[in-house]
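Subject: Structure for you to look at

Dear colleague,

I am handing over a structure that you have not yet worked with, and my notes follow below it. Please keep the model open while you read, so that each place can be looked up as it comes.

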Amino acid sequence: MRYPYAEIEEKWQKYWADKKVHKTDLSETANKLYHLNMFIYPSGSKLHCGHWYHYGPSDSWARYKKLKGFNVFEPMGYDAFGLPAENNAIETGIHPHDSTLKNIKKIREQLNKIGCMYDWDSELMTCDPKYYKWNQWLFLQLYKKGLAYREKAPVNWCPKDQTVLANEQVQSDGTCERCGTTVIQKNLSQWFFKITDYAEELLQGLDTINWPDKTKLMQRNWIGKSVGAEVTFLVDGFNEEIKVFTTRPDTLFGATYMVLAPEHPLIEKLTTEKQKQQVEEYKESIKSLTEIERTSTVKEKTGIPTGAFAINPVNGKKIPIWIADYVLPTYGTGAIMAVPGQDERDWEFAEKFDLPIIRTIQPPDDFEGKAYLGDGPAIHSDFLDGLYNKDAKKKIIQWLEDKGIGKGTVNYRLRDWLISRQRYWGTPIPIINCPDCGEVPVNENDLPVELPYDVDFSLGGESPLARNEEYINVKCPKCGKDAKRDPDTMDTFVDSSWYYLRYIDPDISAEMFDKTLVDKWVPVDMYVGGAEHATMHLLYARFIHKFLRDLGLVYSDEPFQNLIHQGTITNQGVKMSKSKDNVVNPDEFTVNYGSDVFRLYLMFMGPYEMGGDWNDKGISGTDRFVNKVYDLFKNHENILRNILPKDKYDLSELSEDEKFVYKKTNQTLKRVNEELEHFHFNTAIAALMELLNNFKNLDKCSNELQAYVLERYAVMVAPLAPHLGEECWQLLGNTDSLFELPLWFEVDPAGLVDDTVNIAVQINGKLRSTIQMPINSEQDSVKEVVFKDEKVLKHINGKKIDKEIYVKNKIYNIVAK
């Protein structure tokens, strides 16, 4: 009989909803498990296969843990603010609020059809004022602590989206990650969150969480801790000094020139009259370059001398001061000492502009390169000569500190988080700008500052909110005079930096989240989402969590204890995306095969963390498997009505067929348990398919053993294909839902012991057959079976047996001529 998937899936979805089977009792925390998926960005009206691949298998893991006895909390919500909805409004005239809510309604229906066990009572959307009110409250707490500040700075600007991008949102080729437009640099007054104050703690915390090594390495590299020294150089002829950070203070005697970032504040003062025009022209020429382009190792080195000189503090020598685009104002001090003898980039620059090169580390005798980057004794370095790097660093730092012209210090590559966005569809920044009082934070009692509905979305290089007179013009809360609201909105990563805390009670109004329950449920036990968020969302959430801890609002140090990245489903090698018009609509597959078949097929594609390129050719095989399972249970309908199987059986009392099925069932139960625990869905499904094939002689077993086996099979299927699992469980004669009264069967250790073994038979080095023998069989017994095997006889008939080699329990080798 064909599996009536449409009828069965509708039946169980209704049952789960009516009975609130997936509602989590948050007061029960003894065996709690907070399982969270990165929430959905509802820019499109439908889920595509990539969404299914994220949410379906992840839900299977949550269901497995529920069957194992955990009190699983699995909420879902919508990362509802952002550029795509606003861009869509510009193109179609449909308001972002309207299109977003419409999309959410459709997506919610699709999520239900997947059969995920989301606790819908905890649903949230970030575009709801009752949610983003707390983004604004968070901003104000950061502002009070000096961790939210406004500063004029060179920023990444997307000409197409007409907005600022964080460094993390600019791709390696210098383009916008959203639209692919080449990003340019602009000098704008922007709001920043001071994530750099938490740099060291963000680094150290990585050792306490169970995340993929690659993700932790990406964060370590992004934070970019460098240990070295800050050295003070005086400027010849000026009452000025320039501080330089270097990781190699031991090479100071080899510093033959200095380079400043073109944006350095001293350039205008230090540049000689003769060099002024060239310097200004150079500064203008690099304005459009992104930081990635400026620091590229393959880019030709450019620069201009200022005409000024610095004094090398260790030897009193005058060294020329240049400006060059590869020095950035936001890293270190915006100035570097150049040591071409020990730095490839400095060597290239010195060679091009005919600047002095002095080696300060002795290279090995066989070294034939230019700049030497390795270890060795100091040379041409006065009192450091003969010391190796480590000792030379210690000595020079002590010398600098004794002289008061430097100090040992730590620098970080990490920049502060730029959160200003010149767009409408986001959280308004709760600051009022008064001509007399300056920046005035909105009173907390006046939150939320709500987005106005009537807005002109046309692009103009400024926030659309600036053109809404009713919104932008307000009275100053301090002096009562005319003032203006800040026209920008916050980066949407602010929304996602704390949403996991709000799920616990999304309707709470008096505080950001329910602290009592959060203390019991957070950190999140398992977080599942894309690896592309490694240096954005995942880093920002860790920062905000630590800040909230410092306010006394959470007790844990980290937000997500365990992290899994699902792989990416591509279409013809390209990631599925509405903007790329290459999404595969799962609806046609769920209509023709059902949700469980589609979920199983996605999981069976390969390792979950690997993903793969979309191909639907194998889905019919998964469909056949589901129908075989359904037929098996249909043929044993109500078997539990008159039979109560034991928890385990004595193998000596079973027939050979029963013993075989009993062992295979327990071996599979152990394997499925292990595979699901580690998100290895494809191998768990393969084990169930193999077990199904081993049920050929199931009807030769007693009814009691059949019931024993089928109970366990239904439970193993249930997390992977929840509607099918529930139906199979009910067909056996059970009246309750598996997920209402969850259980997972224990493995019988006796059933794991194999008393037979498969032995490979090779003829002239090629595998020709496999035979099953009692374990530890001697060669004579194995030979007798081998030489009766039809496959073996086919390849040795008419030939002389030259040699036979038997490796016990593994292989029987025959050499025939």
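Strands S24 and S25 form a hairpin with 2 residues between them, and in its turn glutamine 572 has a positive phi of about 55°. Helices (H or I, at least four residues) and strands (E, at least two) are DSSP runs, numbered from the N terminus, and two strands count as paired if DSSP finds at least two bridges between them.

Before going further, please note that this is a predicted model, in which local features need pLDDT of at least 70 and side-chain atom pairs count only at pLDDT 80 or more, while totals for chains, interfaces and linings use all residues. Residues are numbered from 1 along each chain as its sequence is written, and side-chain values use heavy atoms, with hydrogens and water left out.

To stay with the hairpin, S24 is joined to strand S25 (residues 574-575) by 2 bridges, and the two run antiparallel; asparagine 571 has valine 574 of S25 as its bridge partner. Strand S24 (residues 568-571) also pairs with strand S26 (residues 611-613), here in the parallel sense and over 3 bridges, with threonine 570 standing opposite aspartate 613 in S26.

Two open sheets come next. One has 4 strands in the order S2-S1-S22-S23, with parallel pairing. Strand S2 (71-73) and strand S23 (563-565) stand at its edges, and because each has a single partner strand, one side of each is left without a neighbour in the sheet. From one strand to the next the twist averages 20°, an angle that rests on axes fitted as lines to C-alpha atoms (for helices over the stretch in contact) and that runs from 0 to 180 degrees between N-to-C directions. Within this sheet, strand S1 (residues 32-37) pairs with strand S22 (residues 526-529) in the parallel sense over 3 bridges, and histidine 35 has methionine 526 in S22 as its bridge partner.

The other open sheet, also of 4 strands, has the order S6-S5-S7-S15 with antiparallel pairing, and its edge strands, S6 (163-165) and S15 (417-418), each pair on one side only. Strand S5 (residues 148-158) is joined to S7 by 10 bridges in an antiparallel run, where the bridge partner of glutamate 151 is glutamine 190 in S7. Strand S7 (residues 184-193) is in turn joined to S15 by 2 bridges, again antiparallel, and phenylalanine 193 stands opposite tryptophan 417 in S15.

Some backbone details in the loops also deserve a look. A cis peptide bond with omega of about 5° joins leucine 447 and proline 448, and proline 448 lies in the loop between strand S18 (438-441) and helix H13 (469-472). The peptide bond from valine 522 to proline 523 is cis as well, with omega near 15°; proline 523 is placed in the loop between helix H15 (515-521) and S22. Aspartate 354, although not a glycine, has a positive phi of about 55°, and this residue lies in the loop between helix H11 (344-353) and helix H12 (389-403).

With kind regards
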